[in-house]
Amino acid sequence: MDKFTTLTGIAAPMPLVNIDTDMIIPKQFLKTIKRSGLGVNLFDEMRYTLDGAEIEDFVLNQPAYRKAEILVAGDNFGCGSSREHAPWALLDFGIRCVISTSFADIFYNNCFKNGILPIVMPQDVVDALMADARKGANARITVDLENQTVTTSEGQSFAFDVDSHRKHCLMNGLDDIGLTLEKAASIDGYEAKAALSRPWA
């Protein structure tokens, strides 16, 4: 997966609470096992009418936020079912970071495994970032994973916590397979020794 070090981008404000995974990517789009192509259906039921027309006042349909890379969201983001398609859809749209006061555990873990940085912040900080995001495309927020800071368009900086192992994986673009391949030399050495000591196995 792509490395995540520093991201400066447009932040879309989405103050709704309890945005669940079915709202992020409705069940009818779960038939695929490919990670690509889901971005067009991200927030499908909030984004389009029944006949497929865009709902103009939905944030990601507004010109200022069509290329958003950061989402500033309400409390309990990603609740509901455990579908991994939810982070796939966010990533395919272009979202690399979601900031909220809290996340559902499974969604939170799935984000890290798919190259998205979920950041938990206190309510007053989320409120400040939400206000900054509402300024539109000219107000770009910077997320610095190495230094663990989020900086508003006006230079106000907030620190955040992140697990050191997950930070390492994101900064080096390592998913579970990548982590395993880091140990390839040790695995090969073990298999070679095992073949000599147990040739019948």
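This report walks through the strands, one helix and the cysteines of the structure above, which is a predicted model.

## Neighbouring strands

Let's start with strand β2, which spans residues 70–73. What lies on either side of β2? Strand β1 (residues 6–14) pairs with β2 in the parallel sense, over 4 bridges. Within that pairing, Met-14 has Ala-73 of β2 as its bridge partner. Strand β3 (residues 97–100) also pairs with β2 in the parallel sense, this time over 3 bridges. Here Leu-71 is matched with Val-98 of β3. To get from β2 to β3, the chain passes through helix α3 (residues 85–93), and this β-α-β crossover is right-handed.

Now follow the chain onward. Strand β3 is joined by 4 bridges to strand β4 (residues 117–120), and the two run parallel. One bridge to find in the picture has Cys-97 with Leu-117 of β4 as its partner. Helix α4 (residues 105–113) carries the chain from β3 to β4, again as a right-handed β-α-β crossover.

## Two faces of β2

In a regular strand, side chains alternate between the two faces of the sheet. Strand β2 lets you see this residue by residue: Ile-70 and Val-72 point one way, while Leu-71 and Ala-73 point the other way. Are these four residues buried or exposed? All of them are buried, whichever way they point.

## The buried side of helix α5

Next, look at helix α5, made of residues 123–133. Its buried residues include Val-125, Val-126, Leu-129 and Met-130, and also Asp-132 and Ala-133. These residues lie on the same side of α5, because they cover an arc of only 160° around the axis. An α-helix has 3.6 residues a turn, so residues three or four places apart point the same way.

What covers the buried residues of α5? Strands β1, β2 and β3, which you have already met, are included, along with β5 (140–144), β6 (149–151) and β7 (157–159).

## Cysteines without disulfides

How many disulfides does a search of the whole structure find? The search finds 0. Take Cys-79 as an example: the nearest cysteine sulfur is that of Cys-111, and it is 13 Å away. Cys-79 counts as buried because its relative accessibility is 14%, and the cut-off for buried is under 20%.

Cys-169 is in no disulfide either, and the nearest cysteine sulfur, again that of Cys-111, is 14 Å away. With a relative accessibility of 7%, Cys-169 also counts as buried.

Key
Residues are numbered from 1 along each chain as its sequence is written. This is a predicted model: local features need pLDDT of at least 70, side-chain atom pairs count only at pLDDT 80 or more; totals for chains, interfaces and linings use all residues. Side-chain values use heavy atoms; hydrogens and water are left out. A disulfide is a pair of cysteine sulfur atoms within 2.5 Å. Buried means under 20% relative accessible area, exposed over 50%, partly exposed in between (1.4 Å probe, protein chains only). Two strands pair if DSSP finds at least two bridges between them. A crossover is right-handed if, with the strands pointing away from the viewer, the path from the first strand over the helix to the second runs clockwise. The arc is that of the directions from the helix axis to the C-beta atoms. Contact means heavy atoms within 4.5 Å.
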